[in-house]
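Q: Could you walk me through how to read aromatic pairs and overall fold in a model like this one? I'd like the general idea each time, then the case at hand.

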Amino acid sequence: MAGWNQKLGDILSLRPSDDELWSRFNFVFSDASMKRNTYKFGLVKAILDNLLNSKQDLIGMYRISFPDLFGKFAENYWNLVVKYGLRQMRKNSNQSDYSALEQIFMKAVEDNPVLGKLQFSSIDENKKKEIIGEVSKQCRKNVIGALYGDLLGLVYGFDIQSGSKKEYIWISPIAYDFMFHYKGELEKLNYYSWARFLEKINNDSVLLRVIDKLESATPQRSNLDVFREILREEFEENTCFFCGSKFERVAHVDHFIPWSFVKEDRLWNFVLACSTCNTKKNNKIVSDRFFNKLVERNRRALGINNSFVKEQFDNYQPEFYRRIWMYAKMSGLKVYDFK
């Protein structure tokens, strides 16, 4: 199957087995997959990070737009390249020592050195869109077809031909469920394989705790004040979701399904908790009775006439949320049951 220069590829099997999908992902993670740079690892991560951003079309395919896909792709690489100085491409005497993506970042920092001190999320929105646009232009034509070929067309389809209006990749429902089901395992294998590749092309001075650097490439947003206020004012949540006690101090905004699994800030996955319950729960799953309570809370929230709430719930589906909940429980996260 054609690789990096392929312009069009449809999904070749709508019902691949788990064994077939594992075989193809393991091939991507292996040395048998041809790689001069880390882009395939970066695209796998960007797809996994965007599962919740996808929208299902009329025939059941899940679409991830190029701005979302390459927005995550650029954000994931920003810290690795700009902050940590990790090279992402093998040296080649006939070409530049730096990949196109690294050159885009280096040029941006050269033009404005202040950017070198910022997290990607803190960059001015116009500049950020400009960087994402350049990354998308360079990488879509090289990496989408390459990863598609390694996966033998079992996971996603794409069309980047001149004049095509399909500014997205589309994922089959079977492949989508597979990636959510095994999201934790796929992320770990991807990190490990990415780290092994980086160890071969970087010197020891920048390789310290390379796995940690990969895992922190997309930092969690720390300011959840807007969600706290919405939950208080619109949802009338003035007591701890878990123990029911009234808040005496600042309420904590808790990712009900832990952020380590969903890696997204979504109102339908947020509850308010007291500091004691939030500390006890930490990065854990709680019992089904709390999940059912949250589903009922979300059902009521769908009727709230607030533009921010409506936007946050735009892609919310109770059945889909239940599947995420089941996959999170199966991912190895510890279970904590409040008594």
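Q: Are Trp78 and Phe105 buried or exposed?
A: In this predicted model, Trp78 is buried, and Phe105 is buried too.

Q: How should I describe a pair of aromatic rings?
A: Two values do the job: the distance of the centres and the angle of the planes. Let's begin with the total here: 42 aromatic pairs. One of them joins Phe70 and Phe73, whose ring centres lie 5.6 Å apart with the planes at 70 degrees; an angle over 60 counts as edge-to-face, so this pair is edge-to-face.

Q: Where do Phe70 and Phe73 lie?
A: The general idea comes from helix geometry: an α-helix has 3.6 residues a turn, so residues three or four places apart point the same way. In this case, Phe70 and Phe73 are both in helix 3 (residues 66-83), three residues apart, or about one turn of the helix. Phe70 has a relative accessible area of 0%, so it is buried. Phe73 counts as buried as well, because its relative accessibility is 0%.

Q: What kind of aromatic pair do Trp78 and Phe105 form?
A: Their pair is edge-to-face, with 4.9 Å centre to centre and 70 degrees between the planes. This pair links distant parts of the chain: Trp78 belongs to helix 3 and Phe105 to helix 4 (residues 100-111), 27 residues apart.

Q: Which residues form one aromatic cluster?
A: Among its members are Phe241, Phe256, Trp268, Phe290, Tyr316, Trp325 and Phe338.

Q: Which charged end sits over the ring of Phe27, and which over the ring of Phe261?
A: Over Phe27 you will find the charged end of Arg24, 4.7 Å from the ring centre. Over Phe261 it is the charged end of Lys183, 5.6 Å from the ring centre.

Q: How many residues of helix 2 are buried?
A: Helix 2 (residues 39-49) is mostly covered, with 11 of its 11 residues buried. The buried residues include Lys40, Lys45 and Asp49, alongside Phe41, Leu43 and Ile47.

Q: And how do I read the chain as a whole?
A: Start with its secondary structure: 14 helices and seven strands. The radius of gyration is 21 Å, close to the 20 Å that the globule rule gives for 339 residues, so the chain is as compact as a globular protein of that length. The C-alpha trace spans about 65 × 45 × 35 Å along its principal axes. Of the 339 residues, 53% count as buried. For contacts with a separation of 6 or more, 73% are between residues 24 or more positions apart.

How values were computed:
Residues numbered from 1 in each chain as written. Predicted model: local features only at pLDDT ≥ 70, side-chain atom pairs only at ≥ 80, totals over all residues. Heavy atoms only, no water. Buried < 20%, exposed > 50% of the residue type's maximum accessible area, 1.4 Å probe, protein only. Helix = DSSP H or I, 4+ residues; strand = E, 2+ residues; numbered from the N terminus. Phe/Tyr/Trp six-rings, centres within 6.5 Å; stacked < 30°, edge-to-face > 60°. Lys NZ or Arg CZ within 6 Å of the ring centre and 35° of its normal. Rg over C-alpha atoms; globule rule 2.2 N^0.38 Å. Contact = heavy atoms within 4.5 Å.
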